[in-house]
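Colleague: Could you take me through one part of this model in some detail? I would like to hear about a single aromatic residue and what lies around it.

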Amino acid sequence: AEHKLNPYGTKPRLEKMQVDGQEAVMIIPSEDQSMKGQWGLIVKYPEPVTISGHTYPYLILWAHGDHIRDIAGTISFQR
């Protein structure tokens, strides 16, 4: 959200939330966003995930603002 190129605009909002019981943050762009309509969602995995030798503590999702909340509502983690 604070990248020097302002991909989410100059005044994006961060909305804390829960996704499948996990801490999450929705990045809501400001009107001057360069990637028209793209929002971000960062969700902490219940346990870090290792893929091809790289470990990731967060799921990062980019989707259009018209759909990202619906998508977030379908996310569930295998525990």
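Modeller: Let's start with Phe77, bearing in mind that this is a predicted model. Phe77 has a relative accessibility of 14%, and because buried means under 20%, Phe77 counts as buried.

What does its ring pair with? By the rule used here, the count comes to 1 aromatic pair. That pair is made by Tyr45 and Phe77, and its geometry is edge-to-face, with 5.6 Å from centre to centre and 80° between the planes. Phe77 sits in the segment after helix H1 (68-72), while Tyr45 lies in strand E3, so the pair ties together parts that are 32 residues apart in sequence. Tyr45 is likewise on the buried side of the cut-off, because its relative accessibility is 16%.

Now look at another residue of the strand that carries Tyr45. Glu47 also lies in strand E3. Is Glu47 buried or exposed? Glu47 counts as exposed, because its relative accessibility is 59% and the exposed class begins over 50%. Glu47 and Phe77 are 30 residues apart along the chain, yet their C-alpha atoms are separated by 9.6 Å.

From here you can follow strand E3 into the sheet. The sheet is open and has 4 strands, in the order E1-E2-E3-E4, with antiparallel pairing. Its edge strands are E1 (13-19) and E4 (54-64), each of which pairs on one side only. From one strand to the next, the twist averages 25°.

Strand E3 covers residues 38-51, and its antiparallel pairing with E4 runs over 10 bridges. If you want a place to see this pairing on your screen, try Val49, which stands opposite Tyr56 in E4.

Strand E4 brings us to the surface. Trp62 is found in this strand, and at 52% relative accessibility Trp62 counts as exposed. Together with Tyr58 and Ile60, Trp62 forms a nonpolar patch on the surface, and the three have about 350 Å² of accessible area together.

So, to put the picture together: Phe77 is buried, because its relative accessibility is 14%, and Phe77 meets Tyr45 of strand E3 in an edge-to-face pair. Strand E3 in turn pairs with E4, where Trp62 is found, and Trp62 belongs to the nonpolar patch on the surface.

Definitions and conventions: Residues numbered from 1 in each chain as written. Predicted model: local features only at pLDDT ≥ 70, side-chain atom pairs only at ≥ 80, totals over all residues. Heavy atoms only, no water. Pairing = 2+ DSSP bridges. Helix = DSSP H or I, 4+ residues; strand = E, 2+ residues; numbered from the N terminus. Axes fitted to C-alpha atoms, helices over the stretch in contact; angles between N-to-C directions. Buried < 20%, exposed > 50% of the residue type's maximum accessible area, 1.4 Å probe, protein only. Patch = residues over 30% accessible without salt bridge, like charges linked within 9 Å, V, L, I, M, F, W, Y side chains within 5 Å. Areas by Shrake-Rupley, 256 points an atom, 1.4 Å probe, with all protein chains shown as cover. Salt bridge = Lys/Arg side-chain N within 4 Å of Asp/Glu carboxyl O. Phe/Tyr/Trp six-rings, centres within 6.5 Å; stacked < 30°, edge-to-face > 60°.
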